[in-house]
Amino acid sequence: MNAVEGTDAMMQRVGALRRGDNTAPVLVKAMKRGQTRTVDLPTVGVDTIRNLAENGFAGLAVSADGII
């Protein structure tokens, strides 16, 4: 499987892999190595937060000054 499916699809895939032992994933959003700040910065919006909750994520971590 290719793991470059985008954030929404990744959250669905990872959410489905959860074990039943009360562990939950945390989404980390950060710029890729070598990515410029002028184009295509990572974004977090209302849909991202909804998808986190719907797919059983425990939280969200973002890098300072590198996220829209």
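**Close-up 1. Gly15 and its contacts from further along the chain.** Once neighbours within four places in sequence are set aside, Gly15 touches Asn55 and Phe57. As in every view here, what you are looking at comes from a predicted model. Gly15 is part of helix H1. Is Gly15 buried or exposed? With a relative accessible area of 18%, Gly15 counts as buried, because the cut-off for that class is under 20%. If you would like a distance to check on your own screen, try Gly15 and Leu52: their C-alpha atoms are 8.7 Å apart in space, while the two positions are 37 residues apart in sequence.

**Close-up 2. The salt bridge between Glu5 and Arg13.** The structure holds two salt bridges, and this view is centred on the one that joins the side chains of Glu5 and Arg13. The N to O distance here is 2.8 Å. How accessible are the two partners? Glu5 is partly exposed, at 28% relative accessibility. Arg13 is partly exposed too, with a relative accessible area of 25%. Both values fall in the middle class, because that class lies between the 20% and 50% cut-offs.

**Close-up 3. The salt bridge between Asp47 and Arg50.** Here Asp47 pairs with Arg50, and the closest N and O atoms of this salt bridge are 3.0 Å apart. Where do the two residues sit? Both belong to helix H2, which covers residues 46–54. Asp47 and Arg50 are separated by about one helical turn, because they are three residues apart in that helix. For Arg50 the relative accessibility is 47%, so this residue counts as partly exposed.

**Close-up 4. The largest pocket and its lining.** How much volume does the largest pocket have? The computed figure is about 470 Å³. A total of 16 residues line this pocket, and those closest to its centre are Val4, Gly6, Thr7, Lys29 and Lys32. Two elements give two or more residues to the lining: helix H1 (7–16) and strand E1 (26–29). Which element supplies the largest share? That is E1, with three residues. For anyone thinking about the chemistry of the wall, the lining residues divide into eight nonpolar, four polar and four charged.

Methods. Residues numbered from 1 in each chain as written. Predicted model: local features only at pLDDT ≥ 70, side-chain atom pairs only at ≥ 80, totals over all residues. Heavy atoms only, no water. Salt bridge = Lys/Arg side-chain N within 4 Å of Asp/Glu carboxyl O. Buried < 20%, exposed > 50% of the residue type's maximum accessible area, 1.4 Å probe, protein only. Helix = DSSP H or I, 4+ residues; strand = E, 2+ residues; numbered from the N terminus. 1 Å grid on protein atoms, 1.4 Å probe; cavity = no way out; pocket = protein on both sides within 12 Å on 5 of 7 lines; lining within 4 Å. Points joined across faces, edges and corners; volume = space filled by probe spheres on them. Nonpolar A, V, L, I, M, F, W, Y, C, P; charged D, E, K, R; others polar. Contact = heavy atoms within 4.5 Å.
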